[in-house]
Amino acid sequence: MGVDIDPRGHPAADIYNYDEQLVIPSLFISVLPQKETTLLIVSRFKEDSCYDNIIDSLKTVSTDTVFDYITYCLSQFSENIYFSPKTIDNLEEKQRRLLLKAFVGTASFTIQDRIETTIAAQNIRLFNLKM
């Protein structure tokens with residue numbers, strides 16, 4: 001995924017530049033839930049130095065900030081995400097609607113839609129969901 005800011009809000013890649021000559025670097029995020037913990041793998045190609053600040057920031061910010069940032073990235077930029085049916089079944093209806101709204105990020109067609117999905121993503125605690 002291409003990511004626009006780091007966990008502290010500083011610019012990263014210019015993902016909204018639609019110049020056809022520009023190649024937007026990818027940041028790769030893998031979330032592997034375990035029974036009592038979650039393994040997060042955040043990586044990039046070495047030459048994609050625009051993401052250096054993201055990798056450095058993730059090492060120094062609080063755990064809650066890391067989780068909030070990963071939730072933001074996944075909800076706004078991910079094109080391939082899977083939730084266990086058991087996890088979804090355990091959610092209240094309000095939480096399901098919020099989750100659905102938050103993860104519509106990549107399909108947002110208007111600025112207003114994008115704002116609403118960003119707000120929804122800030123209101124979910126993705127890493128507090130029970131499997």
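Me: What joins β1 to β2 in this predicted model?

Reply: A hairpin makes the connection, and 4 residues form the link between β1 and β2.

Me: How do you know that β1 and strand β2 pair, and in which sense?

Reply: Two strands are called paired if DSSP finds at least two bridges between them. β1 and strand β2 (residues 38-44) have 7 bridges, so they meet that criterion, and the sense is antiparallel. Individual positions illustrate the pairing: P33 stands opposite T38 in β2, and S30 has I41 of β2 as its bridge partner.

Me: Where do these strands fall in the order of elements along the chain?

Reply: From the N terminus on, the order is β-β-α-α-α-α-α. The chain has 2 strands and 5 helices.

Me: What confidence does the predictor assign to the chain, and which helices mark the extremes?

Reply: The average pLDDT of the chain is 78, and 79% of the residues score at least 70. Among the elements, helix α1 (residues 52-60) has the highest mean pLDDT, 88. Helix α5 (residues 111-122) has the lowest, 66.

Me: Why is S57 called buried?

Reply: The limit for a buried residue is under 20% relative accessible area. S57 has a relative accessibility of 3%, and therefore counts as buried. This residue is in helix α1.

Me: What makes the link between S57 and N53 a polar contact?

Reply: A polar contact requires a pair of N or O atoms within 3.5 Å. The side chain of S57 reaches the backbone oxygen of N53 at 2.7 Å, so the distance satisfies that limit. With neighbours within four places in sequence left aside, S57 is in contact with D6, P7 and R8.

Me: Why is V23 called exposed?

Reply: A residue is exposed if its relative accessible area is over 50%. V23 stands at 69% relative accessibility, and so it counts as exposed. V23 belongs to the segment before β1. Its C-alpha atom is separated by 9.9 Å from that of G2, with the two positions 21 residues apart along the chain counted as their separation.

Me: Why does D4, an aspartate, count as buried?

Reply: The relative accessible area of D4 is 16%, and the limit is under 20%, so D4 is buried. D4 lies in the segment before β1. Not counting residues up to four places away in sequence, D4 touches H10, P11, A12, A13, I15, Y16, Y72 and F77.

Me: How do you know that D4 and Y72 are joined by a polar contact?

Reply: The side chains of D4 and Y72 are joined at 2.9 Å. The limit for such a pair is within 3.5 Å, so the contact qualifies.

Me: Why is A12 called buried, and which residues does it contact?

Reply: A12 has a relative accessible area of 19%, which is under the 20% limit, and A12 is therefore buried. A12 lies in the segment before β1. Beyond its neighbours within four places in sequence, A12 is in contact with V3, D4, I5, C50, Y51, N53 and I54. A12 and D52 are 40 residues apart in sequence, and their C-alpha atoms are 8.5 Å apart.

Me: What makes up the largest nonpolar core, and which elements supply it?

Reply: The largest nonpolar core has 22 residues. Those with the most contacts inside it are M1, V3, I29, Y51, I54, Y69 and C73. At least two residues each come from β1 (27-33), α1, α2 (63-77) and α4 (93-102). The most are given by α2, with 7 residues. As for C73, its contacts are M1, V3, I29 and S78, leaving aside neighbours within four places in sequence.

Me: How many residues of the chain count as buried, as a share, and what is the make-up of its surface?

Reply: Of the 131 residues, 33% count as buried. The accessible surface of the chain comes to about 8,900 Å², and carbon and sulfur atoms account for 53% of it.

Me: What share of the contacts joins residues at least 24 apart?

Reply: Among contacts between residues at least 6 apart in sequence, 59% join residues at least 24 apart.

How values were computed:
Residues numbered from 1 in each chain as written. Predicted model: local features only at pLDDT ≥ 70, side-chain atom pairs only at ≥ 80, totals over all residues. Heavy atoms only, no water. pLDDT = per-residue confidence, 0-100. Core = buried A, V, L, I, M, F, W, Y, C linked by side-chain atoms within 4.5 Å. Buried < 20%, exposed > 50% of the residue type's maximum accessible area, 1.4 Å probe, protein only. Contact = heavy atoms within 4.5 Å. Areas by Shrake-Rupley, 256 points an atom, 1.4 Å probe, with all protein chains shown as cover. Polar contact = N/O pair within 3.5 Å; in protein donor to acceptor, adjacent residues only side chain to side chain.
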